[in-house]
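Student: Please take a close look at one part of this structure, the pairing of charged side chains, and then set that part in its surroundings. I would like one connected account rather than a list.

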Amino acid sequence: MGNLKQWLIDKVTGWLVKEIKPQSERAPLVHFERLVEELRPGDVLLVEGHTRISDIIKLITQSPWTHSALYVGRLWDINDSELRAHIARHCEVEAHEPLLIEALIGQGTVINPLTEYRHEHLRICRPRGLSRMDAWRVIRHAANRLGHDYDVRHLLDLARFLFPYSILPRRWRSTLFVLAPGHAKRTICSSMLAEAFDAVHFPVLPIVQRLDNGKLRFYKRNTRLYTPQDFDFSPYFDVIKHPLFGLEELAAYRNLPWVHGTMVHTEYDVGSQPQPTTPQTPARTTRSSALNWLAGVFRLNSKTDG
């Protein structure tokens, strides 16, 4: 019976993670090399996936972002030798390879090279003001989840929770808040990251209450309720984009309305008779006049001294 159940799970998982080829080839939207240079340890990377499960997540969340991952950096960036060794045990990459911690259906919580997403639409969400020390604490918390299974039931419960009340009664969705035995070692991508930031008390989308005296109270949101789009929506994360063709590359100074064929010496010459633009002629004339003026001053001083 157990083998049949696992066979069925594997079949369903394989169907969900199968990539769906788009009807038309879309031009890349992200300059991957610049994005890699911009990333810092502790950044959240959002991915617009194109698998069957990605399409389901898009439908449920009404957002293009279907996956979130935590940027670790390169192995040589990790000063903590114990953390570096722990991460190295879960991956086989070169020390210069940029790495991500992510929870994937069918794989669980794993370390993968960033280059896996070279051709995907990506976005950086940077926790604003997060200290370097806390960034590594977030990474360490996520690294402690390496090897945990992906929580498919959590994903299904979250899907039911996000459906409108008119479709499913609320009581059918309450299982999301009940942690079943054995599920402590299972997670999904966005919840894992929310837990990691919650560990250092960094807000993602807290519930804020304003008291009568004007003071604010922050309440932590259940981490099982988070989806990838929440990091994009959060006011505490800066969104950093690196389009394939940035406007700064258009060299706006080349499009300035230069008047070609004329050269003026002062603003008073504008509108007067255009001056010829023979190369080096103005420079020679100016140099000659300056030398004659200096020679005259020298002769005048010599006569006065005599």
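Tutor: What follows begins with the chain as a whole, turns to the salt bridges, and ends with the elements around them.

This is a predicted model, in which local features need pLDDT of at least 70 and side-chain atom pairs count only at pLDDT 80 or more, while totals for chains, interfaces and linings use all residues. Residues are numbered from 1 along each chain as its sequence is written, and side-chain values use heavy atoms, with hydrogens and water left out.

The chain holds nine helices and 10 strands, where helices (H or I, at least four residues) and strands (E, at least two) are DSSP runs numbered from the N terminus. Of its 306 residues, 37% are buried; buried means under 20% relative accessible area, exposed over 50%, and partly exposed in between, with a 1.4 Å probe and protein chains only. About 20100 Å² of the chain is exposed, and carbon and sulfur atoms supply 56% of that area, as computed by the Shrake-Rupley method with a 1.4 Å probe, where for residues only the protein chains shown count as cover. Among the contacts (heavy atoms within 4.5 Å) with a separation of 6 or more, 72% are between residues 24 or more positions apart.

Now to the charged pairs. Side chains of opposite charge can pair when their charged atoms come close. Here a salt bridge is a side-chain nitrogen of Lys or Arg within 4 Å of a carboxyl oxygen of Asp or Glu, and a search of the whole structure finds nine of them. One of these joins glutamate 38 to arginine 126, with the closest N and O atoms 3.0 Å apart. Because glutamate 38 belongs to helix α2 (residues 32–38) and arginine 126 to strand β5 (residues 121–127), this pair ties together parts that are 88 residues apart in sequence. Glutamate 38, at 26% relative accessibility, is partly exposed, whereas arginine 126, at 10%, is buried.

Arginine 126 also meets the side chain of aspartate 43 in a salt bridge, at 2.8 Å from N to O. Aspartate 43 lies in the loop between α2 and β1 (44–48), so its pairing with arginine 126 in β5 ties together parts that are 83 residues apart in sequence. Both arginine 126 and aspartate 43 are buried.

A further salt bridge pairs lysine 58 with glutamate 48, the closest N and O atoms being 3.5 Å apart. Lysine 58 sits in helix α3 (residues 52–61) and glutamate 48 in strand β1, 10 residues apart. Lysine 58 is partly exposed at 22% relative accessible area, and glutamate 48 is buried at 13%. As for shared partners, salt bridges join Glu38, Asp43 and Arg126 into one network.

Helix α3, which carries lysine 58, has Ile53, Ser54, Ile57 and Thr61 as buried residues. These four cover an arc of only 100 degrees around the axis, which puts them on the same side of α3, the arc being that of the directions from the helix axis to the C-beta atoms. An α-helix has 3.6 residues a turn, so residues three or four places apart point the same way. Just after α3, glutamine 62 takes a positive phi of about 55 degrees.

Strand β5, the place of arginine 126, leads on to a neighbouring buried site. Phenylalanine 197, in helix α7, is buried at 0% relative accessible area, and among its contacts beyond four places in sequence are Gly42, Val44, Pro127 and Leu130. The C-alpha atoms of phenylalanine 197 and leucine 130, 67 residues apart along the chain, are separated by 9.7 Å. Serine 191 lies in α7 (residues 189–198) as well and is buried at 1% relative accessibility; leaving aside neighbours within four places, serine 191 is in contact with His154, Thr223, Arg224 and Tyr226.

Cysteines complete the account. Cysteine 125 is buried at 0% relative accessible area and cysteine 189 at 6%. A search of the whole structure finds zero disulfides, a disulfide being a pair of cysteine sulfur atoms within 2.5 Å.
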